[in-house]
There are 2 protein chains.
Amino acid sequence: MRVRLEDVARAANVSPKTVSRVLNDEANVTDATRQRVRAAMEAMDYRPHPSARSLAGNRSFLVAMLYDNNDNPASTYLAEIQDGVLEACDAHRYSMMVRPLRMRGGDFIRRFDALISDHHPDGVVLTPPITDYAPLLKRLRESNVPYASVSPQRRGKVIGVTMDEQRAARAIVEHLLELGHRRIAHVIGIADHGASRWRLAGYREAMAAAGLPEDPAMVVQGAFTFGSGVEAARKLFALAKRPTAVFAANDDMATGVMWAAGEYGLKVPQDLSVCGFDDTPLSRQLWPALTTVQQPSREMGKIAAEQLLGALRGHGAGQLVQVPFVLQIRGSTAAAP
Amino acid sequence: MRVRLEDVARAANVSPKTVSRVLNDEANVTDATRQRVRAAMEAMDYRPHPSARSLAGNRSFLVAMLYDNNDNPASTYLAEIQDGVLEACDAHRYSMMVRPLRMRGGDFIRRFDALISDHHPDGVVLTPPITDYAPLLKRLRESNVPYASVSPQRRGKVIGVTMDEQRAARAIVEHLLELGHRRIAHVIGIADHGASRWRLAGYREAMAAAGLPEDPAMVVQGAFTFGSGVEAARKLFALAKRPTAVFAANDDMATGVMWAAGEYGLKVPQDLSVCGFDDTPLSRQLWPALTTVQQPSREMGKIAAEQLLGALRGHGAGQLVQVPFVLQIRGSTAAAP
DNA sequence: GGCAGAAATGACAGCGCTGTCAATTTGCTC
DNA sequence: GAGCAAATTGACAGCGCTGTCATTTCTGCC
């Protein structure tokens, strides 16, 4: 039979309420009592019943991780974040639930509300691009549900984790500049994603700092997918003065650019340097391997969840933590021809 | 304030217990009453409190999806299964929780027990390679937790979903044979995964049926990773009589084979045909794109969860459903040189 | 040693449902 | 229309915890 809190109380010779206090790390328990109760819990392998705790205490010990399954980034990126979030939740004895929330198609507010009233999460972790949907953020604040973002965002009083995408993008373009490239193209990601904007801004910043005027033909719209990278590259390669280097806003599009280069008989990196962003496993498996920006996704998920849980448990308000990026210079970039 | 079952009961002019009966689709409620209660629920946007239901009814409405985060297959594969499982759970108003369970390192039984007593899932969905760990399956049965597998397994009285991997492997090797290949190599996956065994069996079957004696040098061990594919291929290419075609047990290893081909100056598919298994997104993004076997992962996750939920809700015992595979013939295979 | 105030502990109700079983209504048969 | 079994409905306790508030025990201080 299941060991209940009451059983532990009897074994430790205290009232159930005191065991509850120990369980929840509350104040006003002498160290001696706390020890005794802890020992009894241990000895009996006591496991509190989550539903009973939730019902009586009016909290669920549940964190929901939201992602957009419509135009989400690479699934490996999400999987890594998920792993990190899960690790943090486990450490704090919270459960985690993942929830897709399609942002295209209007009624996401209704679906979000349903999620909240169906599952009662104590907090929510937002992943890109959901982090960029202002109406949802507004709704989150209205419903008074604490949340943390794994996000390129860095403004406002948000808690979670971020990376300086603009500086990373600038750094990778500077790498191309150092290799002697001047005609450097950029393939933009989905327009309304924050990530796209910051990566573009970093590209522009680097080009401007190098004294290169912006050539509109060198900046083409993509959509974060392989196919969109192929199409964007075809436009670039059809130009009279084609670029010698392409910085695509993510690895999938960069892969598309490399594919298109093959079509046009351009050798990477001899004729064309290509770089991406994200450091997906794919980027290492290409030939040549892709120069890209690595972000510590797993760690970011973990940090975001920790900030959220810290705030939930009243340990301060939660921060917006910035993590470093790493430039992964690999075979797809070389000196300008 | 929250709408409770009692409120619905008052509105529909019945007892709380009757509302509960309607909520749980129980028998012995007249159609008229059922209608009335349903209408009241709808009108008040009633959402049962999961913890209260769980506590009183002694079930959690929770399905746990287990995966091995040690040597798991491609994360996209898992992500797709997860999506399918989630879809089925949502449809039946169950929650889903994903749980990594590292199989290397012995104490997975203890960690599994902790998972059960911490979260009380009503059922469990197993993904490869967890499906192959007999001790865990034994423990599942002992603890009386219903489970379904997404699995290459096809023997025994298991419920879930399966694909005929052996026949698929045979089919892809037959495709190579039809192209005129005779020296066909196979790169095996992690030895104790069921998937590896069946894919190898399919390879052997096809070769034997074509009257080709098995050449031990043509069968090399891999580990489902890109790197292991590279190494395996190097061994094959170093042979005096190198293969004209390689069938790798998954796409990641096939990608490694293609990489190694580049190192050796072998053109794919002119000098070497390569094929894989899984149809990961990666396989489409290579150049040339990879010939491979597509399995409907998302659908498989959904079916497994549906079988499990059906059994949980007493609609029969649950089946082992077999889904079809699709051979994806793409640019990486061509006539033998 | 006695007293006030703070700290520790406990009693008890109740969170929102469902299981059990009793009470009531319905549908038949004669 | 009485009598009986089956179907429907309801009363009530209780799932395992925590919130509230009352009670007891411990401090320090005069």
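A polar side-chain atom of Asn28(B) lies 3.2 Å from a phosphate oxygen of DNA strand D. This is a predicted model, and that contact is a good place to enter it.

## DNA strand D

What surrounds DNA strand D? The answer is 25 residues. The closest are Leu5(A), Ser20(A), Tyr46(A), Arg21(B) and Thr33(B). Both chains appear in that list.

Two of these residues reach phosphate oxygens of DNA strand D. Leu5(A) does so with a polar backbone atom, at 2.6 Å. Tyr46(A) uses a polar side-chain atom, at 2.7 Å.

The part of the strand that comes within 4 Å of the protein can be split by atom type. Sugar or phosphate holds 68% of those atoms, and the rest belong to bases.

Which helices help to form this surface? H2 and H4 of chain A, together with H2 and H4 of chain B, each supply at least two residues. H4(A) gives the most, with four residues. By class, the surface near DNA strand D has ten nonpolar, nine polar and six charged residues.

## DNA strand C

Now the other strand. DNA strand C is surrounded by 24 residues. Ser15(A), Arg21(A), Thr33(A), Ser20(B) and Asn24(B) are the closest. Of the atoms of DNA strand C within 4 Å of the protein, 69% are accounted for by sugar and phosphate.

Ser15(A) places a backbone N or O atom 2.7 Å from a phosphate oxygen of DNA strand C. Asn24(B) has an N or O atom of its side chain 2.7 Å from a phosphate oxygen of this strand. His49(B) offers a backbone N or O atom, 3.4 Å from a phosphate oxygen. The elements that give two or more residues to this surface are helix H2 (16–23) and helix H4 (50–57) of chain A, along with helix H2 (16–23) and helix H4 (50–57) of chain B.

Which element gives the most here? H4(B) does, with four residues. The surface near DNA strand C divides into nine nonpolar, nine polar and six charged residues.

The table collects the phosphate contacts of both strands.

| Residue | Protein atom | DNA strand | Distance to a phosphate oxygen |
|---|---|---|---|
| Leu5(A) | polar backbone atom | D | 2.6 Å |
| Tyr46(A) | polar side-chain atom | D | 2.7 Å |
| Asn28(B) | polar side-chain atom | D | 3.2 Å |
| Ser15(A) | backbone N or O atom | C | 2.7 Å |
| Asn24(B) | side-chain N or O atom | C | 2.7 Å |
| His49(B) | backbone N or O atom | C | 3.4 Å |

## Helix packing in chain B

Start with H1(B). The axes of H1(B) and H2(B) come within 8 Å and cross at roughly 105°. That angle makes H1(B) roughly perpendicular to H2(B). Leu5(B), Val8(B) and Ala9(B) of H1(B) meet Pro16(B), Val19(B), Ser20(B) and Leu23(B) of H2(B). This contact has six nonpolar residues, one polar and no charged.

H1(B) also packs against H3(B). Helix H1 covers residues 5–12 of chain B, and helix H3 covers residues 31–44. Their axes come within 9 Å and cross at roughly 125°. H1(B) and H3(B) are therefore oblique to each other. The crossing is right-handed. Asp7(B), Val8(B), Ala11(B) and Ala12(B) come from H1(B), while H3(B) brings Arg36(B), Val37(B), Ala40(B), Met41(B) and Met44(B). Seven residues of this contact are nonpolar, none is polar and two are charged.

A further pair is H5(B) and helix H13 (residues 297–312) of chain B. They pack at an angle of about 40°, with their axes 7 Å apart. Are they parallel or oblique? At this angle, H5(B) and H13(B) are oblique to each other. Their crossing is right-handed. Residues in the contact include Tyr77(B), Ile81(B) and Gly84(B) of H5(B), and Gly301(B), Ala305(B) and Leu309(B) of H13(B). By class, there are seven nonpolar, three polar and six charged residues.

## Backbone details in the loops

Where are the cis peptide bonds described here? One joins Pro128(A) and Pro129(A), with omega about 0°. Pro129(A) sits in the loop between strand E3 (123–126) and helix H7 (134–142) of chain A. Another joins Val268(A) and Pro269(A), with omega about 5°. Pro269(A) is in the loop between helix H11 (251–263) and strand E9 (273–275) of chain A.

Arg93(B) is not glycine, yet its phi is positive, near 60°. Arg93(B) lies in the loop between helix H5 (75–91) and strand E2 (95–100) of chain B.

Technical notes. Residues numbered from 1 in each chain as written. Chains lettered and ligands numbered in written order. Predicted model: local features only at pLDDT ≥ 70, side-chain atom pairs only at ≥ 80, totals over all residues. Heavy atoms only, no water. Near = heavy atom within 4 Å. Polar contact = N/O pair within 3.5 Å; in protein donor to acceptor, adjacent residues only side chain to side chain. Nonpolar A, V, L, I, M, F, W, Y, C, P; charged D, E, K, R; others polar. Axes fitted to C-alpha atoms, helices over the stretch in contact; angles between N-to-C directions. Parallel < 35°, antiparallel > 145°, perpendicular 65-115°, else oblique. Left-handed = near helix turned anticlockwise from the far one by under 90°. Contact = heavy atoms within 4.5 Å.
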